[in-house]
Amino acid sequence: MIIRQEICVGCGRCHPYCPTHAIHFQDLKSAVDQEVCYECGCCLRAEICPVEAIEDSPQVYDYPRALRKYFSDPNATHALTGIQGRGTEESKTNDVTLRVGPGEVGIAIEVGRPNIGMNLTNIQKITRALARAGIHEIEPNNPFQDMIQDHSTGDLKPELMGERVLSAIIEIQVKRDRLRHILRTIKEVAREVDSVFCLDVYTLLEPGLTVPPEVLEIIESEGLSWRPNAKINLGLGRAWERKNS
Amino acid sequence: MTHSLHREGTISSLERDYALFIYPARGFNYNGSGPKVRRIMELLYLEAPSNMIVSTLRRNLYSGVRPEEVLESIKDGARIYSAFNNREKLKEALVGIKKLDEGISVVVSGLIDQVREMAAEINLNPHTINLSLGIHGRTDRLPPPDIRQFTTMCGHGMVSPALVRDVIRRIKKGRLALWEGSIILAAPCTCGIYNPHRSQEMLHDLVPLYTVNRW
């Protein structure tokens, strides 16, 4: 994002809308720190500027800076996948797609969330740790996939190392018996990451909204706990029934 | 991915906060989903959610958009994102959606025990659960929990901690009403799952206690 200095009146109304404090006063006008800005577009969408001085940066869709936009602005459609947002449909349509089936778990590592964002070197720390642990099953439909240079090492494309995004999601689907190994790997790499990440696990339910005891036992035994709120697919999608029949 | 399973706050506050998603599946029931999603949207309008957006327009209930504009924007693949501040209203909506039987995925994000009860009461068989195992890494860099209970209502991080503090400050100075402040905080959330009714309650509790510096 940019603020046109010849128009800005220095009222400062846009400052609190920036999730990353990229807007600051400079010579009595507001300016955007281009290094810090994630290109999320919050300041522009707020329509708070009385003189319409806020605009998209002319470089916003130039590679690799465009990744900031794709992974920070929920309204942006990723050029590669044609999907808005930063992840996939994952558990939301699992009753139709059965992407995660019986005996499997999906794992999402939402790096940069909540609120902090990160330099992409932090994601590489996680992908490398996962690769060293023999985990290469990263979800192919997630736009994050396009950042990876080498699945065997977990290396991202070198030109991305200076870029920052508000969040990106590493999605994995594995058999349940590998969950313990993956959680342990993630716990270890958490000490190296200079940002935050949210950790999710999704699985099929047993009757009565019962989480499989095997999954809960693995989570507990790794010293982790689950929040009392969760995202629950109610099973009203019909394709799953057709698959069964 | 809306991140709704990571909403923070007290249990008593989360009891009045549910996100509801209607999601056609790309490559499965995406084609031809437009009219089905539109019928569900019409039903949801009658159940008075706290907030709602359709992905084809991305203007929330408080943006001044008319229901006709929202409904006319719906095409194949459109998704609905909504927030409810009342369990019974959500339950009525789910009863209606079940009756419509459009075959589109329906997801509720909320307290597991409450959703379990609701599902049993209306004879639903939940299919998949996405559990939050919390936040890891440099948690010392996060805003404090009383600010996060606002900011995590927008999973994409569009509600800035600085904006929450700014709204609190303006309410304390008498320049904003609680509800006006809530609507300001709901606006950046382009998925429409920020719950302004819950936000109003939280502001009511927090404003008298909070001392804020200029951001």
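In this predicted model, the side chain of Ser63(B) reaches the backbone nitrogen of Val65(B) at 3.4 Å. Ser63(B) sits in a loop of chain B, between β2 (51-54) and α3 (67-73). Its relative accessibility is 33%, so Ser63(B) counts as partly exposed. Lys75(B) follows 12 residues away in sequence, yet the two C-alpha atoms are 21 Å apart in space.

A second polar side chain of chain B, that of His6(B), has a polar partner in Ser132(B). The two side chains make a polar contact at 2.8 Å. His6(B) belongs to the segment before α1 (11-14) of chain B. With a relative accessible area of 3%, His6(B) is buried. Its surroundings draw on both chains. From chain A, His6(B) touches Glu110(A), Cys198(A), Leu199(A), Asp200(A) and Arg227(A), residues up to four places away in sequence not being counted. From chain B, the residues touched on that count are Ser132(B) and Thr152(B).

Asn195(B) is likewise a buried polar residue, and its relative accessible area is 0%. Asn195(B) occupies the loop between α8 (178-186) and α9 (196-206) of chain B. A polar atom of its side chain lies 3.3 Å from the backbone oxygen of Arg16(B). Arg16(B) is also among the residues that Asn195(B) touches beyond four places in sequence. The others are Arg7(B), Asp17(B), Ser50(B), Ala83(B), Phe84(B), Asn85(B) and Met153(B).

The nonpolar interior comes next. The largest nonpolar core has 84 residues. Those with the most contacts inside this core include Ile107(A), Ile109(A), Phe144(A) and Ile170(A) from chain A. Leu20(B) and Leu44(B) of chain B complete that list. Leu20(B) is in contact with Leu44(B), once its neighbours within four places in sequence are left aside. Leu20(B) also contacts, among others, Ile80(B), Tyr81(B), Phe84(B), Leu90(B), Leu94(B) and Ile97(B). Further contacts of Leu20(B) are with Val106(B), Val107(B) and Val108(B). A second, separate core has 35 residues, including Leu166(A), Ala19(B), Val167(B) and Ala186(B).

Chain A as a whole has seven helices and 12 strands. Its C-alpha atoms fill a box of roughly 65 × 40 × 30 Å along the principal axes. The chain has 245 residues, and 58% of them count as buried. Among contacts between residues at least 6 apart in sequence, 72% join residues at least 24 apart. The accessible surface of chain A comes to about 9,500 Å², and carbon and sulfur atoms account for 50% of that area. Chain A carries 28 positive and 35 negative side chains. The centres of these two sets lie 2 Å apart.

Two residues of chain A illustrate its buried positions. Val174(A) is part of strand β10 (residues 168-175). Its relative accessible area is 4%, so Val174(A) is buried. Beyond its neighbours within four places in sequence, Val174(A) contacts Gly103(A), Glu104(A), Val105(A), Ile107(A), Glu137(A) and Ile182(A). Pro114(A), 60 residues away along the chain, is separated from Val174(A) by 25 Å between C-alpha atoms.

Tyr17(A), by contrast, lies in a loop, between β1 (2-3) and β2 (23-26) of chain A. Tyr17(A) is buried too, with a relative accessible area of 10%. Cys42(A) is 25 residues away along the chain, but the C-alpha atoms are separated by 6.4 Å. Not counting residues up to four places away in sequence, Tyr17(A) touches Cys42(A), Cys43(A), Ala46(A) and Ile48(A) of chain A. In chain B, Tyr17(A) touches Ser160(B), Leu163(B) and Ile184(B).

Several backbone features stand in loops. A cis peptide bond joins Tyr63(A) to Pro64(A), with omega about 5°. Pro64(A) lies between β4 (54-55) and α2 (66-70) of chain A. The bond from Arg113(A) to Pro114(A) is also cis, and its omega is near -5°. Pro114(A) is placed in the loop between β5 (104-111) and β6 (118-119).

Positive phi values occur in residues other than glycine. Asp27(A) has phi near 55°. This residue is in the loop between β2 and β3 (29-32) of chain A. Asp27(A) is exposed, with a relative accessible area of 68%. In chain B, phi of Asp101(B) is near 50°. Asp101(B) lies in the loop between α4 (87-100) and β4 (105-111). At 43% relative accessibility, this residue is partly exposed.

Methods. Residues are numbered from 1 along each chain as its sequence is written. Chains are lettered from A and ligands numbered from 1 in the order in which they are written. This is a predicted model: local features need pLDDT of at least 70, side-chain atom pairs count only at pLDDT 80 or more; totals for chains, interfaces and linings use all residues. Side-chain values use heavy atoms; hydrogens and water are left out. Helices (H or I, at least four residues) and strands (E, at least two) are DSSP runs, numbered from the N terminus. Buried means under 20% relative accessible area, exposed over 50%, partly exposed in between (1.4 Å probe, protein chains only). A polar contact is a pair of N or O atoms within 3.5 Å; within protein, one must be able to donate a hydrogen and the other to accept it, and residues adjacent in sequence count only if both atoms are side-chain atoms. Contact means heavy atoms within 4.5 Å. Accessible areas come from the Shrake-Rupley method with a 1.4 Å probe; for residues, only the protein chains shown count as cover. Lys and Arg count as positive and Asp and Glu as negative; His and the chain ends are not counted. The place of a charge is taken as NZ of Lys, CZ of Arg, CG of Asp or CD of Glu. A nonpolar core is a set of buried Ala, Val, Leu, Ile, Met, Phe, Trp, Tyr and Cys residues joined through side-chain atoms within 4.5 Å.
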